[in-house]
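Good morning, and thank you for making time for this item. I would like to take you through one structure, beginning with the overall fold and then turning to the way its helices pack.

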Amino acid sequence: MMAVLPASAGLLALSPQEPANAAYRNSYQRCAGKLIDVGLAPELVTVACASALNPNELGSCVKDIHDQTDITAIDALSTCVRVRRPEDLATCVVDISEDSDAGLAPVVLENCRRSLLPTRYSQCVVGLSRKIEILPVQAMATCIDAADRPGPFDRSFIPGSELIPRYQLPAIPALPAPDLQLVPKSP
């Protein structure tokens, strides 16, 4: 026995769900919405979102920093637009700001922006300042200066390039130049 479906059910199945999902997929619209929500001027929002490599991440960066710290939206925006990974920057700023004074906000923003790995940088700052009696500003200075330095080398170390014998390629003889003579076409 076949079930009879009303005609409207078939029309609903064929109608696209574009309007409901369009706003979700449009990262420029999400960016603009987030920046407007934090109180930035529409002219500034237009330029910031339009020039962003990943507009949704830019909007999230500004909104997260503004909502979870004492940093103004304009200061957050000026920093978020200058990094490759805005969401990592926001994580860094929010994590460090939880343990530091509001007066350190410019230093936190700048150090998180300068760090190549902002999430790792914030883990360093927060970890050191929570476990060791060190001020967050001292931890920030120490962690931003940290670098991967190679340990002492074994004196018997021989670089790989010295182990490979050097071969010289045989000289390639010059090829004779082709004899190109222009022959006029006969009509």
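The secondary structure of this protein chain consists of eleven helices and zero strands. Read from the N terminus, the order of elements is accordingly α-α-α-α-α-α-α-α-α-α-α. Please bear in mind throughout that this is a predicted model.

Two overall figures may help. The chain has 187 residues, of which 27% count as buried. Among contacts with a separation of 6 or more, 56% are between residues 24 or more positions apart.

Let me now turn to helix packing. Two packed helices are described by the angle between their axes and the distance between the axes. I shall give both for three pairs.

The first pair is α5 and α6. Helix α5 covers residues 55–68 and helix α6 covers residues 73–80; their axes come within 9 Å and cross at roughly 140°. That angle makes α5 oblique to α6. The crossing of α5 past α6 is right-handed. On the α5 side, the contact is formed by Leu58, Cys61, Val62, Ile65 and His66, and on the α6 side by Ala73, Ala76, Leu77 and Cys80. What is the character of the residues in this contact of α5 with α6? Eight are nonpolar, one is polar and none is charged.

The second pair is α5 with α7. Here the axes come within 8 Å and cross at roughly 10°. The two helices, α5 and α7, are therefore roughly parallel to each other. From α5, the residues involved are Glu57, Leu58, Ser60, Cys61, Asp64, Ile65 and Gln68, and they meet Pro86, Glu87, Leu89, Ala90, Val93 and Val94 of α7. Sorted by class, this contact of α5 with α7 has eight nonpolar, two polar and three charged residues. Leu58, Cys61 and Ile65 of α5 deserve a second look on your screens: they take part in the contact with α6, and they also appear in the contact with α7.

The third pair is α7 with α9. These helices pack at an angle of about 10°, with their axes 8 Å apart. That makes α7 roughly parallel to α9. Helix α7 contributes Asp88, Leu89, Thr91, Cys92, Asp95, Ile96 and Glu98, while α9 contributes Pro118, Thr119, Tyr121, Ser122, Val125, Val126 and Arg130. The residues of this contact of α7 with α9 divide into seven nonpolar, three polar and four charged. Leu89 of α7 is thus part of the contact with α9, and Leu89 also meets α5.

I come next to helix α8. Which residues of α8 are buried? They are Ala105, Val108, Leu109, Asn111 and Cys112. The cover over these buried residues of α8 includes α5, α6, α7, α9 and α10.

Two of the residues of α8 merit individual comment. Leu109, which lies in helix α8, has a relative accessibility of 8% and counts as buried. Leaving aside neighbours within four places in sequence, Leu109 is in contact with Ile65, Ile71, Asp75, Thr79, Leu89 and Val93. Leu109 and Ile96 are 13 residues apart in sequence, and their C-alpha atoms are 9.6 Å apart in space.

Asn111 is also found in helix α8. Why does Asn111 count as buried? Its relative accessible area is 7%, and the cut-off for buried is under 20%. Not counting residues up to four places away in sequence, Asn111 touches Tyr121, Met140 and Ile144.

Met140 brings us to helix α10, residues 136–145, in which Pro136, Ala139, Met140 and Cys143 are buried. Viewed down the axis of α10, these buried residues fall within an arc of 100°, so they line one face of the helix. Their cover includes α7, residues 86–98, α8, residues 105–114, and α9, residues 118–131.

Finally, a word on Gly127, which lies in helix α9. Gly127 is partly exposed, with a relative accessible area of 36%. Gly127 and Ala139 are twelve residues apart in sequence, with a C-alpha to C-alpha distance of 8.9 Å. Ala139, for its part, is one of the buried residues of α10.

To conclude, I would ask you to keep two points in view: the chain has eleven helices and zero strands, and the buried residues of α8 have a cover that includes α5, α6, α7, α9 and α10. Thank you for your attention.

Technical notes: Residues are numbered from 1 along each chain as its sequence is written. This is a predicted model: local features need pLDDT of at least 70, side-chain atom pairs count only at pLDDT 80 or more; totals for chains, interfaces and linings use all residues. Side-chain values use heavy atoms; hydrogens and water are left out. Axes are lines fitted to C-alpha atoms, for helices over the stretch in contact, and angles run from 0 to 180 degrees between N-to-C directions. Helices (H or I, at least four residues) and strands (E, at least two) are DSSP runs, numbered from the N terminus. Angles under 35 degrees count as roughly parallel, over 145 as roughly antiparallel, 65 to 115 as roughly perpendicular and the rest as oblique. A crossing is left-handed if the near helix is turned anticlockwise from the far one by less than a right angle, and right-handed if clockwise. Contact means heavy atoms within 4.5 Å. Ala, Val, Leu, Ile, Met, Phe, Trp, Tyr, Cys and Pro count as nonpolar, Asp, Glu, Lys and Arg as charged, and the others, Gly among them, as polar. Buried means under 20% relative accessible area, exposed over 50%, partly exposed in between (1.4 Å probe, protein chains only). The arc is that of the directions from the helix axis to the C-beta atoms.
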